[in-house]
Amino acid sequence: MAEDLFEVESTDEGPVAVILRLRVQPGAGRSSVTGRHGDALAVKVGAPPIGGRANLQCIELVADILGVRKSAVEIVSGEKNRQKRVRVVGIEPARVQEALARELRSTAARPATKDRRDKPGRSRP
């Protein structure tokens with residue numbers, strides 16, 4: 001289910017890091033996983049894409065989801081793009097798969113948001 005969202009970097013001794021593919025929506029209300037976007041994990045971060053603040057929140061979100069230190073997470077491509085590749089060192093691929101599957105399950109369990117047209121005071125066409 002979540003194994004297609006990342007690649008494993010390895011040496012003869014075994015896995016060294018995972019490369020996680022992300023689709024980031026900056027400037028959202030709060031940081032969270034929103035689901036999938038093709039073969040990438042779709043996330044939103046609260047910070048705007050100004051001065052690298054959205055990238056920092058993206059790193060914090062990934063570290064929090066995977067239970068690693070922020071220093072173990074780095075953006076390897078897409079610093080100025082919504083499509084990002086993020087390297088995470090010091091974590092087993094099985095742990096990454098479990099954490100991503102858990103996040104995707106919790107995303108699917110969240111209730112859908114209301115349609116903006118349903119707000120009081122707005123007339124329907």
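**A hairpin, two helices and a pocket**

In this predicted model, strand 5 and strand 6 come together as a hairpin with five residues between them. Within the turn, Gly78 adopts a positive phi of about 90 degrees. Strand 5 covers residues 73-77, and its pairing with strand 6 is antiparallel, running over four bridges. One position to look at in the structure above is Ser77, which stands opposite Arg85 of strand 6.

Strand 6 itself, residues 83-89, shows an alternating pattern of side chains. Lys84, Val86 and Val88 point to one face and are buried. Gln83, Arg85, Arg87 and Val89 point to the other face and are not buried. Arg85, the partner of Ser77 across the hairpin, thus belongs to the face that is not buried.

Turning to the helices, helix 1 spans residues 53-66. Its 14 residues reach 20 Å from the first C-alpha to the last, close to the 20 Å expected at 1.5 Å a residue. The buried residues of helix 1 are Ala54, Asn55, Cys58, Ile59, Leu61, Val62, Ala63, Ile65 and Leu66. Residues three or four places apart in an α-helix point the same way, because there are 3.6 residues a turn. Just after helix 1 comes Gly67, where phi is positive at about 70 degrees.

Helix 2 takes in residues 93-109. It has 17 residues and a reach of 24 Å between its first and last C-alpha, close to the 24 Å expected at 1.5 Å a residue. Buried in helix 2 are Pro93, Val96, Ala99, Leu100, Ala101, Glu103, Leu104 and Thr107.

Glu103 in this helix deserves a second look. Its relative accessible area is 18%, so it counts as buried, the cut-off being under 20%. With neighbours within four places in sequence left aside, Glu103 is in contact with Val33 and Ile65. Ile65 is itself one of the buried residues of helix 1.

Finally, the surface holds some open space to explore. The largest pocket contains about 200 Å³ of space. A total of 14 residues line this pocket, and those nearest its centre are Pro49, Asn55, Glu79, Lys80 and Lys84. Helix 1 provides the largest share of the lining, three residues. Sorted by class, the lining has five nonpolar, four polar and five charged residues. Two of the residues nearest the centre have already been met: Asn55 is among the buried residues of helix 1, and Lys84 is on the buried face of strand 6.

Technical notes: Residues numbered from 1 in each chain as written. Predicted model: local features only at pLDDT ≥ 70, side-chain atom pairs only at ≥ 80, totals over all residues. Heavy atoms only, no water. Expected span 1.5 Å × (residues − 1). Buried < 20%, exposed > 50% of the residue type's maximum accessible area, 1.4 Å probe, protein only. Pairing = 2+ DSSP bridges. Contact = heavy atoms within 4.5 Å. 1 Å grid on protein atoms, 1.4 Å probe; cavity = no way out; pocket = protein on both sides within 12 Å on 5 of 7 lines; lining within 4 Å. Points joined across faces, edges and corners; volume = space filled by probe spheres on them. Nonpolar A, V, L, I, M, F, W, Y, C, P; charged D, E, K, R; others polar.
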